[in-house]
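Please load the model in a viewer and keep the sequence panel open beside it. The stops below proceed by selection, each with a short account of what is to be found there.

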Amino acid sequence: MSERRTSPRLIGPGRWWLVPVGFAVMLLPPFYLDAFWLQTGLFAMSAAIGAIGLNLLTGSTGQLSMGHAFFLAVGAYGYVYLASSPEDGMTGLGLPTPLAFLGAIVLAGVAGGAFSPIAGRLRGVYLGIASLALIFIGQHVLFNAESVTGGFNGRNVPPLEIFGFSFDDSPGVVVLNVPFGALERLWFLAVALLVPAAWIARGILRGRPGRAMNTIRDHEVAAAVMGVPVARYRAGVFVLSSMYAGAAGALLALAFRRTVPDYFGMFLALDYLAMIVIGGLGSVAGAVAGAVFVSVLPQLLTRFGDDLPMVAAPGSGGVSPAEAARILYGAAVVAVVLFLPRGLAGVWPMLRSAASRRRASRHLTPLEKEEQPA
Amino acid sequence: MSEANRGARGVAPSQETELSEANRGTRGVAPSQETELSEANRGTRGVDPSQEAEPGELVVSGLTVRFAGLTALDDVDFTVAPGSVHAIIGPNGAGKSTCFNVLSGVYRASGGSVRFGGAELTSLPPHRIAALGVARTFQNIALSRHQTAEDNLMLGRHRLTRAGFASAGLRTPWARREDARHRARVREIARFVGVDEHLAAPAGTLPYGVQKRLELARALAMEPRLLLLDEPVAGMNGGERRRMAEVIARARADLGLSILLVEHDMGMVMRLADEVTVLDFGKRIAGGEPERVQRDPAVIRAYLGAAHEPAAPSHGEGNP
């Protein structure tokens, strides 16, 4: 009992095998998968980063946000604006691209900070409604501030370049007989962003800020009385979650290679909420699982739509893969709420605790015995 | 009573030693913690150090709280001497919980003042009051259901720790050491209160009595100078009540706390309290030593009604 580990580690002692499996899952796909699946994987990883951020806010602190799509847009367009050189009517700062990437994250954080007087004061659902305004403002700006955003047609995304290594389709990089184009290179960038993003979020959740956030969610008055400055924490988490969205948006822009305003609308915000509900509210693993589920499902339906009943090519009269995917994960949300209160991430712990409960029910400690009703 | 002792001793062997360990712990860990504590206090207010050496006096004077036409507290005065147990009693709706909510900053006072060790509490938000060393428990359990008992107790350390988003996210060595140090102390407190075997369980899954004790442990984890206990034994059975009373008495003796207690269990009030304040319809109707208050005709009237008393019309407005 007293010998329990003091700080929780990422991998428990009995689960060492997760390390090589994890590495294989994250590093091998570029050698085996085609462009379609690599693209899907990139979307999933970028969505995972964004969903981790939203889960810190909504799952762990209990603050609903519909404005996550707005901060993704800030990250995506922020990167484009900071990295592009000014040319034919478009403005840009032409910063070195790694700096632009960091700048995009900071910019999203600043945007979150600008909203934080509201984010700190409003609770739960009320914040959700207030943050809805951000989407409409965002859409308006994206369509109309043409010199920055490119308006309806969007803008090309300059490829990231770190120390002379460019994340684009420039020839000449061949690893183990696999020619590395933009997607293969970006894959490793995405892994290199997702892993620390998840690690940091986990540290926050298991540390002092995480306890304060969870208590704000579960019992706000108790948190305040225990010395947690509730409004400051809500605002802080909102900024943090915006920065995660900014990183996700910038990565998404790199994967798309073109940013278009339509993408960052209401549906994206709903997709993100679906991710964290399906994956599991309040946990990092849940956000990742949900992001993968929600990003991969439409792609699966697109790829195998021919073999599925009811699903038809877009415009041909049937249900398009994207619509079918929305219907499916709408059903998934309902199923999760009914049967898996802790989402996909809760399935494994649920099985484990069921097993240990069976073991624990065999003996009662003296203290518990005394508390049993006579 | 002797049964209670025997009952306690039945569980005791391990607990006795743990208790003394906890005592040693309090004193052993104390030097560094004291400094941390006083540091925290100095950070939040400018009080001369002589006052910080002992727990401050709580002076409530003229406290009035109105909610849209309803006067919940009406010009209430009382003083909690340093290191004493002060009980507030009164029938349901007398304003006891309202009083607690004002003291801990949850409600705003409409008038009057609450001074604690040189600070005016009525103008401070809850987290600033907590920073002064005022801890409280709730009448209805206010734990974070999904977090483990240990994490709930660690929340009590919030005001004594500093790790923020960056240091916790990056797991800096400093943040990890801070976490380990405070976890060790929290386990001591858990042993002291007798919830140590439940530390790993999510708080919401624990039996009611354990959750009540966990709330007390969380308040103690704040290393408070003033402890506000809102009906700590409400809904408990006899054995649980005795154990809770014992823990409260020990906490007071070992940690030198001032305790303000709201309780309906008169046996417990009489046993623990040095002084009693009686509220009825938001007014203070009596106060003083428990034995005296128990015989006070105004108190008996408030509890049993005044039907057979030839009450003067001027008294009639307050009591049914």
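Two strands are taken to pair if DSSP finds at least two bridges between them. The model on display is predicted.

**First stop: the antiparallel sheet of chain B**

Select strand 1 (residues 58-67) of chain B together with strand 2 of chain B; seven bridges join these antiparallel strands. Within this pair, F67(B) has L70(B) of strand 2 as its bridge partner. Now extend the selection to the whole open sheet, in which four strands of chain B follow the order 2-1-4-5 with antiparallel pairing. Its edges are strand 2 (70-80) and strand 5 (119-120) of chain B, each of which pairs on one side only.

Next, centre the view on A68(B), which lies in the loop between strand 1 and strand 2 of chain B. Its phi is near 25°, a positive value in a residue other than glycine. Is A68(B) buried or exposed? A68(B) counts as exposed because it has 4 C-beta neighbours inside 10 Å.

**Second stop: a hairpin in chain B**

Move to strand 9 (residues 275-280) and strand 10 (residues 283-288) of chain B, which run antiparallel and are joined by five bridges. V276(B) has G288(B) in strand 10 of chain B as its bridge partner. The two strands form a hairpin with two residues between them. In the turn, select F281(B), a residue other than glycine whose phi is positive, near 50°. F281(B) counts as partly exposed, because 19 C-beta neighbours lie inside 10 Å and the cut-off for a buried residue is 20 or more.

**Third stop: strand 7 of chain B and its partners**

Select strand 7 (residues 226-230) of chain B, where five of the five residues are buried. Which residues cover each face of this strand? On one side are L226(B), L228(B) and D230(B), and on the other are L227(B) and L229(B), all of them buried.

Add strand 6 (residues 134-136) of chain B, which pairs with strand 7 of chain B in the parallel sense over three bridges. Here R136(B) stands opposite L228(B). Then add strand 8 (residues 258-262) of chain B, which runs parallel to strand 7 of chain B and is joined to that strand by five bridges. L227(B) has I259(B) in strand 8 of chain B as its bridge partner.

**Fourth stop: the connecting helix**

Between these two strands, select helix 9 (residues 238-255) of chain B, which has 18 residues. From first C-alpha to last, helix 9 of chain B reaches 26 Å, close to the 26 Å expected at 1.5 Å a residue. Its buried residues are R242(B), R243(B), M244(B), V247(B), I248(B), A251(B) and L255(B). An α-helix has 3.6 residues a turn, so residues three or four places apart point the same way. Just after helix 9 of chain B comes G256(B), with a positive phi near 65°. Viewed together, strand 7, helix 9 and strand 8 of chain B make a right-handed β-α-β unit.

**Fifth stop: where the chains meet**

Display both chains and select the contacting residues: 39 from chain B and 29 from chain A. On chain B, helix 4 (126-131), helix 5 (149-156), helix 6 (165-169), helix 7 (173-193) and helix 9 each supply at least two residues to the side that touches chain A. Helix 7 of chain B gives the most, with five residues. Coloured by class, this side of chain B shows 17 nonpolar, twelve polar and ten charged residues.

**Sixth stop: the largest nonpolar core**

Turn to the largest nonpolar core, which holds 190 residues and in which A48(A) and I52(A) touch the most other members. Helix 11 (residues 230-256) of chain A contributes the largest share of this core, 18 residues. Select A48(A): leaving aside residues up to four places away in sequence, A48(A) touches L194(A), A287(A), V288(A), A291(A) and V292(A).

**Last stop: each chain as a whole**

Hide the side chains and show chain B alone, with 13 helices and ten strands. Of its 320 residues, 45% count as buried. Among contacts in chain B between residues at least 6 apart in sequence, 68% join residues at least 24 apart.

Chain A has 16 helices and six strands. Buried residues make up 47% of its 374 residues. For contacts in chain A with a separation of 6 or more, residues 24 or more positions apart account for 74%.

Methods:
Residues are numbered from 1 along each chain as its sequence is written. Chains are lettered from A and ligands numbered from 1 in the order in which they are written. This is a predicted model: local features need pLDDT of at least 70, side-chain atom pairs count only at pLDDT 80 or more; totals for chains, interfaces and linings use all residues. A residue is buried if 20 or more other C-beta atoms lie within 10 Å of its own, exposed if 12 or fewer, and partly exposed in between; C-beta atoms are placed from the backbone. Two residues are in contact if their C-beta atoms, placed from the backbone, lie within 7 Å. A nonpolar core is a set of buried Ala, Val, Leu, Ile, Met, Phe, Trp, Tyr and Cys residues joined through C-beta atoms within 7 Å. The expected span of a helix is 1.5 Å times one less than its number of residues. A crossover is right-handed if, with the strands pointing away from the viewer, the path from the first strand over the helix to the second runs clockwise. Ala, Val, Leu, Ile, Met, Phe, Trp, Tyr, Cys and Pro count as nonpolar, Asp, Glu, Lys and Arg as charged, and the others, Gly among them, as polar.
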